[in-house]
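Here are some notes for a colleague who has asked for a careful reading of the fold and its interior.

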Amino acid sequence: MIELRNVTKEYSKGNSALNGVSVKIERGEFVFIVGDSGSGKSTLIRLIMKELNPTEGTIIVNGQNLNRMKHRNIAKYRRGLGVVFQDFRLFAFSLGQNVTAGADVDRARAEVCLREAGLGERLLRMPDGLDTMLYRDFDPHGVVISGGEAQKIAIARALYKNAPFLVLDEPTAALDPVSEYEVYRKFNAISGGKTALYISHRLASCRFCDEILVF
């Protein structure tokens, strides 16, 4: 369970990204956040991730006060978060390594995650499967992928981590509305039992959620 109690975040004096926000997200709940640019959606996520600290108020996660979390526990806490930001990055390594974010690849699991993220057909066309190098920084024969394909790989990475709390912070911005809806719908179907937080500008993508927060 995640609870924000009267949370305010100021980046400068008198400039509040969030002002007195109180909200409770129950375990296993799917919550959708919509709102204009600059309304504080991403700030909320970074507060929950402990990348930022609130100017005022308290954030409680599973009974733990994040304001008081000790530095040595932050990395452990973040391992329970599977997050895809809108400014995610892929690397000029193999497709499999991009999914695992590491050198060791559980090939069967990586392939399942790519299929679940909607990249199954593209995987079949990759010349070396999971060993296909992305981009041409280190391999002149590397595959240059589209923005939409990159987003699906980033989502597969979050699925591969298998964290109990999942966050998609507008990672589908390069997709058309229909494709975006399909990504969210599929992500919702395969993340059963987990707590999930979705952020988008498009209200139409949130039909499957338990709750909608408008910022």
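The points below take the sheet, then the helices, then the cores.

1. This is a predicted model, in which local features need pLDDT of at least 70 and side-chain atom pairs count only at pLDDT 80 or more, while totals for chains, interfaces and linings use all residues. Residues are numbered from 1 along each chain as its sequence is written, and side-chain values use heavy atoms, with hydrogens and water left out.

2. An open sheet with parallel pairing is built from five strands in the order β6-β7-β8-β3-β9; helices (H or I, at least four residues) and strands (E, at least two) are DSSP runs numbered from the N terminus, and two strands pair if DSSP finds at least two bridges between them. Because β6 (81–84) and β9 (211–214) stand at the edges with a single partner strand each, one side of each is left without a neighbour in the sheet.

3. Within the sheet, β3 (residues 30–34) and β8 (residues 195–200) pair in the parallel sense over five bridges, and F32 stands opposite Y198 in β8.

4. Helix α1 (residues 41–48) packs on the sheet, touching β3, β6, β7 (165–169) and β8, where contact means heavy atoms within 4.5 Å. Helix α6 (residues 147–161) also packs on the sheet, touching β6 and β7.

5. The largest nonpolar core (buried Ala, Val, Leu, Ile, Met, Phe, Trp, Tyr and Cys residues joined through side-chain atoms within 4.5 Å; buried means under 20% relative accessible area, with a 1.4 Å probe and protein chains only) has 37 residues, and those with the most contacts inside it include L95, I153 and Y198. Its largest share, eight residues, comes from α6.

Technical notes:
Axes fitted to C-alpha atoms, helices over the stretch in contact; angles between N-to-C directions. Buried < 20%, exposed > 50% of the residue type's maximum accessible area, 1.4 Å probe, protein only.
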